[in-house]
Every structure is written in C-alpha cells, then in structure tokens.
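Colleague: Before I rely on any of the labels attached to this structure, I would like to hear how each one was reached. Could you take me through the reasoning?

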Amino acid sequence: MQNGDGTFGLPHHTDTSAILVNLDLFRQAGIDASEIPTSADQAWTWEQLDALGAWLRAGLSADRWPWAYNWQGNGVTRWLSLLFQSDGAFLESDQKTPAIDSDAAREAVAFSSSFFTKNYVPANNTIASSSYAAESWFSQSVAMVWSGAFQIPDADTTADFEWTATYAPRNVRAGSDFGGNALVATANTQQPELAASFLEFVTDAGPMRDFCRAASLIPTRVDLLNDQLTFDVRPELAPVFAGQAALVQPQDVAQVASPSMSSIIPVLKQQLDLAFTGAQDAATTVTNMSSGIQAATGG
C-alpha cells in the first residue's frame, strides 16, 4: 500500500466477485449443472448470460428472478467490472481525466440496465437499495448472485439448498473487482516496535494462510497463491475465486486507486440508479458520469 515513494500499509487479504449458483433453482428451470462454467476461459459471455437469464425467467415462478448483482451502496464500484469487461475505462492513466465517454461504457450501462427491463433482477436490486444482493440469494428469491468468497462459510451453514460457484461473465475480455483490507500502523504510535512486530507477524506466511483459509479470502502474499491455496469450507471453490482474482488487470486497479475515488463513487451511484430505474438512457448516463467525474477529479 503505497503513495508515491512512501509505504503506509501492508496488504493482508483480498477478494473479488464470482457468482454463487443455486443448483436447485437451476434444475427447476430445466438447466443442468453441467452447463455451469468450470474454468475462466469457459465463463459465460454477455450474450450467453443474457440467454441464460431469459431461460431462467421463463422457467422460474414470478416471485423468483435469475440473479442479483452486488453493487449496493459503495459497492457500486463492482459495476465497473462490467465496464472493464467491455474493455472500457473511467479514468485515464493520470487518475484524473475522465475516460468513460465511450462506446464501451454505453454498452456496459445498457447491458446492466437490461437486467431490470428484462426482469432478470428484483426491482429493489438497485444501487440505492437497503437490501444486499446476497440476502435475496439466501432467501432463494434469485438463482444466482455476484458475491465474494467471504459468503461461503455463511452459505455452507445456512443455505438449505445445493449450491456452487462459477466465474463472472466476460465480454471483450474478462474483468472483475478487487477488494480486501490492509493493515496500517499510525506514525504517532507510542509503541512503534510492537506495532511493527505485530504487522510482521500477521503478514507472515503461516498466519496469513490460516486466516484466509478460515475466512474464505485470498491472501496477498505471492508465495501463497499456488496449488496449496484452499478454504476450510468448500475448499473446491477456492480455485474459482483465485482464478477470478487473477483476471483483474493492473490498469483497472490503478483507476480504482485514484485519490478522487471517494468523490467519484457518488457520481456512479446517482447516475446508474437513474439508468436502472428507467429515468435516463445509457448515452445520457455516460455523458453525466463523464461530467461528474471531471468535477470530482478536477481533470
């Protein structure tokens, strides 16, 4: 965790969004588990995902939906995965100049807005919703949900249906979000040696491995990202999330790391909600996002 030449924190774990699948609802809609991608290069294309959504919509009852997306609140940054999948960007490499006024962005807005017009998601699966997407999956209201691996322990203990995980979709290319946490010791601590010792301990290979296995998270140490990577719960799903994280591109991470991100997030939230509720079209949404990002960054 660096800013310029200074190090201010140590990355401890990360996570990314793949898709959790309710196999019982898939079967109810006449979809066999063998049709679920088992590798990143087999991930559904947007076209295939749209066809799957239509099949699920036709095969499920009216009070159930094909999926829910985890973009609620500040999780709106997860929408950017769709932008990246269209090989788009929202910032230039200077982290200030807007780059979102593009065909890729208009395609991403139109595609995500179609989730609502085609009744693929519950009406409350908006950015502003007070309910998280995972809640609708646990209640079996939706057949799929975009989710981090950290949901796996809860799903294993509370979901009373058969489920699995698969990769997020791809369009021009693959793309995904990148979350996680870092550990920081403040400069004015009264016990700097103890603080440094603690940071060294928790980021050592053994403790980091044990923590990530127990919490179903992805370690940030390169030497732990190997065939030994596993989770204590549903270990067979660890490669799905590790494989999804490996698809994140450096240029995507650099944009989200913009110092202006806290000011950009409200722009994304407001404009995407207007698009999702049908108040404005994709072109207007992208134009407004571009001007809003410019105001937020001063670029």
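Modeller: Gladly, with the reminder that this is a predicted model. A good place to begin is Q140, which sits in the loop between helix 5 (133–138) and strand 6 (142–148).

Colleague: Why is Q140 called buried?

Modeller: The relative accessible area of Q140 is 18%, and buried means under 20%, so Q140 is counted as buried.

Colleague: What makes Q95 partly exposed?

Modeller: Q95, which is placed in the loop between helix 3 (80–85) and helix 4 (103–117), has a relative accessibility of 23%. Partly exposed covers what lies between under 20% and over 50%, and therefore Q95 takes that label.

Colleague: What is the phi of Q95, and what is that of Q140?

Modeller: Q95 has a positive phi of about 65° without being a glycine, and Q140, likewise a residue other than glycine, has a positive phi near 65°. For background, most residues other than glycine have a negative phi.

Colleague: Which residues make the nonpolar surface patch, and how do you know that M1 is open enough to belong to a patch?

Modeller: The patch, of about 290 Å², is made by M1, F8 and V184. M1 lies in the segment before strand 1 (2–3) and has a relative accessible area of 42%; because a patch residue needs over 30%, M1 meets that part of the requirement.

Colleague: How do you know that the length of helix 12 agrees with its number of residues?

Modeller: Helix 12 (residues 282–297) has 16 residues, which at 1.5 Å a residue should span 22 Å, and its end C-alpha atoms are 22 Å apart, so the two values agree. Its buried residues, among them V286, M289 and I293, pack against helix 4 and helix 11 (261–276). Just after helix 12 comes G298, with a positive phi of about 75°.

Colleague: Why are strand 8 and strand 9 described as standing at the edges of their sheet?

Modeller: The sheet is open, has three strands in the order 8-3-9, and is paired in the antiparallel sense. Strand 8 (181–183) and strand 9 (218–219) each have a single partner strand, so one side of each lacks a neighbour in the sheet.

Colleague: What makes strand 3 and strand 8 a pair?

Modeller: Strand 3 (residues 10–14) and strand 8 are joined by three antiparallel bridges, and because pairing requires at least two, they qualify. Within this sheet, H13 stands opposite N181 in strand 8.

Technical notes
Residues numbered from 1 in each chain as written. Predicted model: local features only at pLDDT ≥ 70, side-chain atom pairs only at ≥ 80, totals over all residues. Heavy atoms only, no water. Helix = DSSP H or I, 4+ residues; strand = E, 2+ residues; numbered from the N terminus. Buried < 20%, exposed > 50% of the residue type's maximum accessible area, 1.4 Å probe, protein only. Patch = residues over 30% accessible without salt bridge, like charges linked within 9 Å, V, L, I, M, F, W, Y side chains within 5 Å. Areas by Shrake-Rupley, 256 points an atom, 1.4 Å probe, with all protein chains shown as cover. Salt bridge = Lys/Arg side-chain N within 4 Å of Asp/Glu carboxyl O. Expected span 1.5 Å × (residues − 1). Contact = heavy atoms within 4.5 Å.
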